[in-house]
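Got your viewer open? Keep the selection box handy and follow along, one stop at a time.

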Amino acid sequence: MYKLSILLVSLCLGLSFASRKCPFLANGQQRIAGGTDAADGQFPYQVSLRDQQLTHFCGGAIINNRWVITAASCAVEREPSNVLVLTGTQRLSTGGTNHQADRIIVHPFFNILTLENDVAVIRVRTPIMLTGDTAAISMASTYLSIGYGAFISGWGRRAIDQPAFPDWLQYITTTIITHTECQARFESPYDDRIVTSVLCTSNPPGEGACLGDAGSPLVYNGELHGVVSWSIPCGMGHPDVHSRVTSHRAWVMVHTMV
């Protein structure tokens, strides 16, 4: 029963966090666990996905002036008319620009049960002005096995039992670990979900992705290497799992021509 409860919570990390998706997290306001306030302009590619009531439900990253990348679990079953993309601000309460989405494309082989191929792209109706605190990030083209000093940013929960929304963008520094190590650190049924199209990050206890961080960027050496997908929240010592950008880069590029 304990394992089942953790599984359900970890799926809600990737399932858009509306109360209809996660009824036991009905007041789901979220923050990165153990995060630090981002400096002005530190993550100019970071976006917040919001509904028409301006409620944040997932993160994402700008890849060009019309498209952002996020998790499929953030986009599945959502209509473009009910999705806004907030760019150009560290704060949810002020600043930045809300862009109306006009197209959502979910990976055709996304598996909602295992979260395999957990990637989607969203087009905005009017171009994003790429100046100052708003910039696109390049998608990695080289497979990365291990890396030190990567960054995860987002507005997810600080802890599983702290539902208050942060106003300020949070980030953690993290380590990208090998596929073999990641698989070994999970027991069944989680180890079977560590497929070749994901990569994992490891953090000290108390730090990691949490509810509300799905879709947010994992960046290493200035390139986008991952999209936050799922974890056993939050900061409990297990790896965080991300959709590997190099595995999906060709699909993304085909669908995001301006």
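Before the tour starts, one word to learn: a residue counts as buried when its relative accessible area is under 20%. Also keep in mind that you're looking at a predicted model.

**Stop 1: strand S10**

Select residues 170–177, which make up strand S10. How many of the eight residues of this strand are buried? Six of them are, so S10 is largely enclosed by the rest of the structure.

Now bring in the strands that pair with S10. Add strand S9, residues 147–154: S9 and S10 are antiparallel partners, joined over seven bridges. To see one pair of facing residues, pick Ala150, which stands opposite Thr174 of S10. Next, show S11, which runs antiparallel to S10 and is joined to it by three bridges. Here, Ile177 faces Cys200 of S11. Finally, select residues 36–37 for strand S1, which pairs with S10 in the antiparallel sense over two bridges. In that pairing, Asp37 stands opposite Gln170.

If you turn on side chains, here's a handy thing to know: in a regular strand they alternate between the two faces of the sheet.

**Stop 2: a cluster of rings**

Show the side chains of Phe43, Tyr45, Phe151 and Tyr171. Ring pairs link these four into a cluster. Over the whole structure, a search finds seven aromatic pairs.

Keep Phe151 selected and add Gly222. These two are 71 residues apart in sequence, yet their C-alpha atoms are 9.5 Å apart in space. Is Gly222 buried or exposed? It counts as exposed, at 54% relative accessibility. You'll find Gly222 in the loop between strand S12 (217–220) and S13.

**Stop 3: strand S13 and its partners**

That loop leads straight to our next strand. Select residues 223–230 for S13. Seven of its eight residues are buried, so S13 is largely enclosed by the rest of the structure.

Let's go through its partners:

- S12 runs antiparallel to S13, with four bridges joining them. Look for Pro217, which stands opposite Val227.
- S14, residues 240–244, also runs antiparallel to S13 and is joined to it by four bridges. Trp230 faces Val241 there.
- S8, residues 138–139, pairs with S13 in the parallel sense over two bridges. Met139 has Leu224 as its bridge partner in S13.

While S12 and S13 are on screen, zoom in on the turn of their hairpin. Two residues sit between the strands, and Asn221 takes a positive phi near 50°.

One more residue in S13 deserves a click: Ser229. Ser229 is buried, with a relative accessible area of 2%. Which side chain does the side chain of Ser229 make a polar contact with? Select Asp118, and you'll see the two side chains in contact at 2.7 Å.

**Stop 4: around Trp230**

Now show Trp230 together with Phe186. How do you describe two rings like these? A pair of aromatic rings is described by the distance of the centres and the angle of the planes. For Phe186 and Trp230, the centres are 5.4 Å apart and the planes make 45°, which gives a tilted pair. The pair links distant parts of the chain, 44 residues apart: Phe186 is in the loop between helix H3 (179–184) and strand S11 (198–202), while Trp230 is in S13. Both count as buried because their relative accessible areas are under 20%: Phe186 has 5% and Trp230 has 2%.

Leave Trp230 on and add Arg193. The charged end of Arg193 sits over the Trp230 ring, 4.1 Å from the ring centre. For another arginine and ring, hop over to Arg78: it lies over the face of Phe57, 3.6 Å from the ring centre.

**Stop 5: the barrel**

Last stop! Select strands S2 to S7. These six strands close into a barrel in the order S2-S3-S4-S7-S6-S5, with antiparallel pairing. On average, neighbouring strands of this sheet are turned by 40° against each other, direction ignored.

Now add residues 245–255, helix H4, which packs on the sheet and touches S4 (67–70), S6 and S7 (120–124). The direction of H4 makes about 25° with that of S7.

To finish, focus on S5 (residues 84–87) and S6 (residues 97–106), an antiparallel pair with four bridges. Which residue in S6 is the bridge partner of Val85? Click on His99, and you've found that partner.

Definitions and conventions. Residues are numbered from 1 along each chain as its sequence is written. This is a predicted model: local features need pLDDT of at least 70, side-chain atom pairs count only at pLDDT 80 or more; totals for chains, interfaces and linings use all residues. Side-chain values use heavy atoms; hydrogens and water are left out. Rings of Phe, Tyr and Trp (its six-membered ring) pair if their centres lie within 6.5 Å; planes under 30 degrees apart count as stacked, over 60 as edge-to-face and the rest as tilted. Buried means under 20% relative accessible area, exposed over 50%, partly exposed in between (1.4 Å probe, protein chains only). A charge sits over a ring if NZ of Lys or CZ of Arg is within 6 Å of the ring centre and within 35 degrees of the ring normal. Two strands pair if DSSP finds at least two bridges between them. Axes are lines fitted to C-alpha atoms, for helices over the stretch in contact, and angles run from 0 to 180 degrees between N-to-C directions. Contact means heavy atoms within 4.5 Å. A polar contact is a pair of N or O atoms within 3.5 Å; within protein, one must be able to donate a hydrogen and the other to accept it, and residues adjacent in sequence count only if both atoms are side-chain atoms.
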